[in-house]
Amino acid sequence: MDMENGKCWQNSKKNSWRTTLLLAYQSLGVVYGDLSTSPLYVYRSTFAEDIHHSETNEEIFGVLSFVFWTLTLVPLFKYVFIVLRADDNGEGGTFALYSSICRHAKVSLLPNRQIADESLSTYKLEQSPDRKYNSKVKMLLEKYKFLHTALLILVLLGTCMVIGDGLLTPVISVFSAVSGLELSMPHNHHQYAVIPITCFILVCLFALQHYGTHRVGFFFAPIVLVWLICISALGLYNIIHWNPHVYQALSPYYMLKFFKKTKKQGWMSLGGILLCITGSEAMFADLGHFSYAAIQIAFTFLVYPALILAYMGQAAYLSKNHQADQISYYVSVPESLRWPMLAIAILASVVGSQAIISGTFSIINQSLSLGCFPRVKVVHTSDKIHGQIYIPEINWILMILCIAVTIGFRDIKHMGNASGLAVMAVMLVTTCLTSLVIILCWHKPPIISLVFLLFFGSIELLYFSASLVKFREGAWLPILLSLFLVTVMFVWHYATIKKYEYDLHNKVSLEWLLALGPTLGICRVPGIGLVFTDLTSGIPANFSRFVTNLPAFHRILVFVCVKSVPVPFVPPDERYLLGRVGPASLRAYRCIVRYGYRDVHQDVDSFESDLVKRLADFIHYDWRRPQTSIDRGNEDHPAASERSSGEHRLAVVGNMEFYRSLVFEVDENMQQESVLCGFQSVESIGDIIEMSAPKERRVRFAIEDPEDPTEAQMRQELEDLMAAQQSGAAFILGHSHVKAKQGSLVFKRFAMNFGYNFLRRNCRGPDVVLKVPPVSLLEVGMVYVV
């Protein structure tokens, strides 16, 4: 028996390794496309203007030493061994770090938070072994609200720089690959060919985005693998053929000699050297598609050695060939191999560009889900592969900007300066956020976080300063773009928060809803009315305005709150939080739908049918749950007197079917899978709505007597729900206009009255985002004075 168990364990271990190696192979095409093409432009960008290749070789050996140690310290040590461990339920990226920090400290600016969200299985909190290490930093962050805003702006800045990288990486990658034509064409001809060919490839690349990455994705990994094998083999050939002693330049001593000779010009040339790590952030951003072990294996054993050999081979060739006007990758390629290498380089640059474009779509979708980006249309291009999305507006804007940058800059120097600054800004943001994760989430002493911040932050600041001095030579582009995007995103998020606060302070009491009836001329019409609101309790003001102007509402009334939770995914069985609004006879319910920042939102048809099914399950549960003494005291059981005017408990309703003949048990000590009860709704104070922690209880559903009045009322409520579904559903949404209060600051008045309203009018409406058919849409105009 032990031998059989041993064999099973060995087989599972082999399968695990096979899966990991397969993921490592697949990650080549998605994660490392950008990083692997960096040898095309690093040396050329470095020697573009500030320093020149000389007979002493001190410059080329110094640059090689910088490249080697930069690749070793930043991608290998920082990302592979440290940052990749700061995942959020297996997800990586800027928002993953921010999400982890928000769960471990109360620094989130997201509205409608609930304690019930902490019961999600993906809402992991690590218990602190020693609270004294992180209490001061945590208390400081939680105490001052301006630190919450500063943290959000830092995250938005990193996000905007990623978007800027998504603009610049396709340009510099494709342009560098196509520039190999200059060695095969006369000088007066190639300058008229490189730009048009680059623009043509970029147009084709963006035009194919709507098909989705999955349709051509299986080509990506082989292309990058072939490219890595070629550059490593070519590098090894150049080392052996031209300078076998080039390995000596890996010593840090050559960095000192480099600075000693070049002084200020050498420091300014660091803006070109840093391009050797462009694309490193993709290892962390794309972590959710693969695994930590797969990305670690692919980089450590394949990508890293191939890149080092490629850079050493170039340096070996240049150390024996001092043509200062021919510092490019293709001069080190034997003439008989230039055309094949040119073709492979163009394909590899397209793969790297595709990866960063997909990453840009992904991070904009995450910003959208957290209320930090104007509403845009998100198209899911694959039913099988999660996260494959396409955003038409962003795609065409990026294409136009890429072509404009290609035509405007026209040389690798300006493109490199712009791309380098964007890359280092993203890395600096990641370093700052990871240092907070080390304290707040990993519960390490602050000195460890400080050492991490100072060591890697100083390296990145050195490179960032070298890029910043090139402001007038291309670095202005990512700065200008990020400032514009940060302003847009912050104005949108600020207005969203202010609208929520307005709704919170102007919500209508439940007594007002209970008082509505035939005596006031209010009638109930057939169908289901879905009232969308950001509130998790109370009656929204847009519904009272709707009833005031149109004295009727639907037989079944559901107040729907679609909210984001600071987790990457919410399991489908834990997504719906349902409860009653008022007594059972009112047929009014509250539905809170929770999504993570990487979740795919349902379309209207599936949402409507799913909601009715969940409501039916909830009605079964609510009528059949025992009426405890607490329930009697609160009078919130459906079978109790309908004098209750408060909101009832909310239950997590999963995918489990209910059968009348089934005895059903739900133990709340177990993992939440279907119906969990015990969350008490509490009226909100301020902008945080809380719910008490669940009480442990054991719920049993059993066959009831058909003559029991409780069973008759339950059947009647279910029949009303089914009849309303047959009549159709209406989606009631607010159509908002925001105005700043009188006496507000000039900046606030301009941001609200002009900026936000301009964005609202020219972006997708909530009905388009929710894919609501026009025939089922009812919009209620609301003016928000904030």
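Just after helix α15, the residue G371 takes a positive phi of about 70°. This value, like every other one in this report, comes from a predicted model, and the helix that G371 follows is a good place to begin reading it.

**Helix α15**

Helix α15 covers residues 338-369, and at 1.5 Å a residue its 32 residues should span 46 Å, which agrees with the 46 Å that separates its end C-alpha atoms. Of these 32 residues, 24 are buried, so α15 is largely enclosed by the rest of the structure.

**The chain as a whole**

The protein chain contains 26 helices and 12 strands, and of its 786 residues 57% are buried. Among contacts between residues at least 6 apart in sequence, 82% join residues that are at least 24 apart.

The confidence of the prediction should be kept in mind throughout, since the chain averages a pLDDT of 81, with 82% of the residues scoring at least 70. Two stretches deserve care. Over residues 1-14 the pLDDT stays under 50, and the model has 0 contacts for them beyond four places in sequence. Residues 656-704 also have a pLDDT below 50, but this stretch has 135 contacts in the model beyond near neighbours in sequence.

**Helices α4 and α14**

How do the axes of helix α4 and helix α14 cross, and within what distance do they come? The axis of α4 (residues 58-80) comes within 10 Å of the axis of α14 (residues 292-320), and the two cross at roughly 175°. With angles over 145 degrees counting as roughly antiparallel, that crossing makes α4 roughly antiparallel to α14.

On the α4 side, the residues that meet α14 include I60, F61, L64, V67, F68 and L71, and on the α14 side those that meet α4 include F299, Y304, L307, I308, Y311 and M312. The residues of this contact divide into 18 nonpolar and 4 polar, with no charged ones. A general point about helices helps in reading such a list: an α-helix has 3.6 residues a turn, so residues three or four places apart point the same way.

**Two residues with positive phi**

Most residues other than glycine have a negative phi, and with that in mind two loop residues can be considered together. N57, in the loop between α3 (42-46) and α4, has a phi near 65°, a positive value in a residue other than glycine. K263, in the loop between α10 (253-262) and α11 (264-268), also has a positive phi, near 55°, and is likewise not a glycine. Are these two residues buried or exposed? N57 is buried, with a relative accessible area of 10%, whereas K263 counts as exposed at 57% relative accessibility.

**Four residues in helices and strands**

The table gives the relative accessibility of four residues, and the paragraphs after it describe where each one lies and what it touches.

| Residue | Relative accessibility | Class |
|---|---|---|
| S467 | 1% | buried |
| I407 | 41% | partly exposed |
| F553 | 3% | buried |
| V785 | 39% | partly exposed |

S467 lies in helix α18, which covers residues 446-468. Leaving aside neighbours within four places in sequence, S467 is in contact with G271, L274, G420, L421 and A475.

I407 has its place in helix α16 (residues 392-409). Which residues does I407 touch, not counting those up to four places away in sequence? They are I195 and C199; although I407 and I195 are 212 residues apart along the chain, their C-alpha atoms are separated by 6.8 Å.

F553 is found in strand β4, which covers residues 552-564. Beyond its neighbours within four places in sequence, F553 is in contact with L513, L516, I522, C523, R524, V525, F543 and V547. One of these partners, C523, is 30 residues away from F553 in sequence and 6.7 Å away in space, C-alpha to C-alpha.

V785, finally, lies in strand β12 (residues 777-785), and, not counting residues up to four places away in sequence, V785 touches Y502, K739 and K741. The C-alpha atoms of V785 and M752 are 9.6 Å apart, while the two residues are 33 residues apart in sequence.

Conventions
Residues numbered from 1 in each chain as written. Predicted model: local features only at pLDDT ≥ 70, side-chain atom pairs only at ≥ 80, totals over all residues. Heavy atoms only, no water. Helix = DSSP H or I, 4+ residues; strand = E, 2+ residues; numbered from the N terminus. Expected span 1.5 Å × (residues − 1). Buried < 20%, exposed > 50% of the residue type's maximum accessible area, 1.4 Å probe, protein only. Axes fitted to C-alpha atoms, helices over the stretch in contact; angles between N-to-C directions. Parallel < 35°, antiparallel > 145°, perpendicular 65-115°, else oblique. Contact = heavy atoms within 4.5 Å. Nonpolar A, V, L, I, M, F, W, Y, C, P; charged D, E, K, R; others polar. pLDDT = per-residue confidence, 0-100.
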